[in-house]
Amino acid sequence: MNRVIDRRSLIAGAAALALPVPASARSATSLAALGATKGIRFGSTVGKDNFADPGYLALNAAQCALVVPENEMKWSITRPDAQHFDFRAADRIVDWAGANGLGVRGHTLLWHSERWMPQWVAEHDYGSNPRAEAERLLTDHVGTVAGRYADRIDSFDVVNEAIDSETGALRDTALSRHIGAFETIDIAFRTARAAAPKAQLVYNDYMGWRADEGLHRDAVLRLLEQMRKRGTPVDALGIQSHLGSKFSDTPTGLGSLDEPAFRRFLDQVTGMGLDLLVTEMDVHDNPLPGAIGPRDAQVAAHAKAYLDLMLSYPQTKTVMCWGLSDRYSWLSGMRLRPDGMDKRPCPFDADFRPKPFRDAIAAAFAAAPDRRS
């Protein structure tokens with residue numbers, strides 16, 4: 001029987017950070033409030049690198065309607081080995097969110113990529129009936145995690161990034177080699193539905209509106225069509241929305257876009273009866289000018305155009321940034337700008353001051369059709 005490491009030892013230490021934020025702190029001009037006027041939930045990430053910063057927590061509490069643990073619900077954190085679960089880090093975030101009146105999204109019950117799964121999954125002894133053992137590991141994990149948070153999380157990224165964006169094929173993992181790639185995805189969703197029957201179940205991936213992402217979009221459509229045909233209980237498509245030039249270091253702007261093709265893609269997704277979510281939005285600004293004013297203006301314009309497109313679909317009811325402040329962006333430590341300047345990919349700067357990107361989100365919410373009815 002799997003052993004779950006108790007969370008109580010961490011709750012006491014986190015108590016000082018879990019003090020409720022007064023309702024007055026969430027002003028009518030907060031992004032959460034502005035989104036709510038149109039039936040849109042706005043949120044962002046909280047994780048181990050920023051959870052100890054009261055200023056960052058206060059920013060999230062004041063601006064967000066919900067948060068998502070950045071890494072703390074992934075296999076790499078929750079599953080130290082095949083026999084144990086460790087929910088201390090995830091519980092800490094969920095408890096803080098609850099104390100501050102914030103919702104939580106779950107991310108992710110299965111990151112379907114060998115690169116991001118714990119090494120022990122590849123090295124595990126699957127025995128004489130490897131399919132049965134792989135299914136046991138998968139259903140045990142998904143059912144345990146989804147079941148633990150079913151009463152506090154109403155939307156889960158069940159499967160993340162199952163498609164190789166360069167080939168359009170489903171990725172191969174230690175689990176899928178024994179079960180089958182599509183079957184692994186199907187089992188994950190069915191297990192999540194059984195464990196959290198009221199939650200929105202999401203397939204999450206990073207295809208977008210760039211002209212060179214057509215192969216990825218087509219592959220996602222094929223996967224969703226197969227899921228719907230098979231009766232896989234998927235409710236929505238999460239579009240990560242890491243905007244920019246595919247992490248390019250070349251100063252070529254934010255890339256060639258194909259908005260008509262992206263709209264056709266979204267039309268087909270929503271035509272299947274699926275909702276849409278913006279799950280991980282930020283703007284990689286390496287290709288943009290070094291001067292902060294022009295750079296921030298281009299980031300904001302790009303974000304506004306993208307959100308106007310996404311929010312023109314009433315099925316888009318959630319917008320999540322992948323970090324509110326430049327101080328803690330995952331992009332800061334990778335592919336440094338050639339000019340050596342700090343990146344500015346988030347709506348608030350490193351000192352938690354609002355940027356034009358924040359105003360772009362607010363303007364997109366104001367322009368969006370009301371979806372509350």
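**Exercise 1. Describe how helices α10 and α11 pack.**

Solution.
Step 1: take the axes. Helix α10 (residues 214–230) and helix α11 (residues 259–271) have axes that come within 11 Å and cross at roughly 5°. Axes here are lines fitted to C-alpha atoms, for helices over the stretch in contact, and angles run from 0 to 180 degrees between N-to-C directions. Helices (H or I, at least four residues) and strands (E, at least two) are DSSP runs, numbered from the N terminus.

Step 2: classify the angle. α10 is therefore roughly parallel to α11. The cut-offs: under 35 degrees is roughly parallel, over 145 roughly antiparallel, 65 to 115 roughly perpendicular, and the rest oblique.

Step 3: list the contacts. From α10 come Arg 217, Val 220, Leu 221 and Leu 224; they meet Ala 261, Phe 262, Phe 265, Gln 268 and Val 269 of α11. Contact means heavy atoms within 4.5 Å.

Step 4: sort by class. The contact of α10 with α11 has 7 nonpolar, 1 polar and 1 charged residues. Ala, Val, Leu, Ile, Met, Phe, Trp, Tyr, Cys and Pro count as nonpolar, Asp, Glu, Lys and Arg as charged, and the others, Gly among them, as polar.

**Basis of the values**

The model is predicted: local features need pLDDT of at least 70, side-chain atom pairs count only at pLDDT 80 or more, and totals for chains, interfaces and linings use all residues. Residues are numbered from 1 along each chain as its sequence is written, and side-chain values use heavy atoms, with hydrogens and water left out.

**Exercise 2. Characterise two aromatic pairs, and place one of them in a cluster.**

Solution.
Step 1: count. The structure holds 11 aromatic pairs. Rings of Phe, Tyr and Trp (its six-membered ring) pair if their centres lie within 6.5 Å; planes under 30 degrees apart count as stacked, over 60 as edge-to-face and the rest as tilted.

Step 2: take Trp 75 and Trp 120. Their pair is tilted, with 6.3 Å centre to centre and 35° between the planes. It links distant parts of the chain: Trp 75 is in helix α4 (residues 75–78), Trp 120 in helix α6 (residues 119–123), 45 residues apart. Trp 75 is buried at 2% relative accessible area, and Trp 120 is buried at 14%. Buried means under 20% relative accessible area, exposed over 50%, partly exposed in between (1.4 Å probe, protein chains only).

Step 3: take Phe 262 and Tyr 306. This pair is stacked: 6.3 Å centre to centre, 25° between the planes. Phe 262 lies in helix α11 and Tyr 306 in helix α12 (residues 292–311), so the pair ties together parts 44 residues apart in sequence. Phe 262 is buried at 0%; Tyr 306 is buried at 1%.

Step 4: extend to the cluster. Ring pairs link Trp 209, Phe 262, Phe 265 and Tyr 306. Phe 262 and Phe 265 also belong to the α10 contact of α11.

**Exercise 3. Over which rings does Arg 79 lie?**

Solution.
Step 1: Arg 79 lies over the face of Trp 75, 5.7 Å from the ring centre.
Step 2: its charged end also sits over the ring of Phe 85, 4.1 Å from the centre. The test is NZ of Lys or CZ of Arg within 6 Å of the ring centre and within 35 degrees of the ring normal.

**Exercise 4. Inspect the backbone at Thr 108, Glu 161 and Ser 241.**

Solution.
Step 1: the peptide bond from His 107 to Thr 108 is cis, with omega near -10°. Thr 108 lies in strand β6 (residues 106–111).
Step 2: Glu 161 has a positive phi, near 55°, and is not a glycine. It is in the loop between β7 (155–160) and α8 (176–179). Glu 161 is buried, at 11% relative accessibility.
Step 3: Ser 241, also not a glycine, has a positive phi of about 70°. Its loop runs between β9 (236–239) and β10 (242–244). Ser 241 is buried at 5%.

**Exercise 5. Set out the surroundings of Asn 60 and Val 94.**

Solution.
Step 1: Asn 60 lies in helix α3 (residues 54–63) and is buried at 0%. Leaving aside neighbours within four places in sequence, Asn 60 contacts Ser 44, Thr 45, Val 46, Val 67, Trp 96, Leu 102 and Leu 324.
Step 2: Val 94 is in helix α5 (residues 88–99) and is buried at 2%. Not counting residues up to four places away, Val 94 touches Met 73, Val 104, Tyr 149 and Arg 152. The C-alpha atoms of Val 94 and Arg 152 are 7.9 Å apart, across 58 residues of chain.

**Exercise 6. Is Pro 338 buried or exposed?**

Solution.
Step 1: Pro 338 sits in the loop between β12 (316–321) and α13 (356–367).
Step 2: its relative accessibility is 63%, so Pro 338 counts as exposed.
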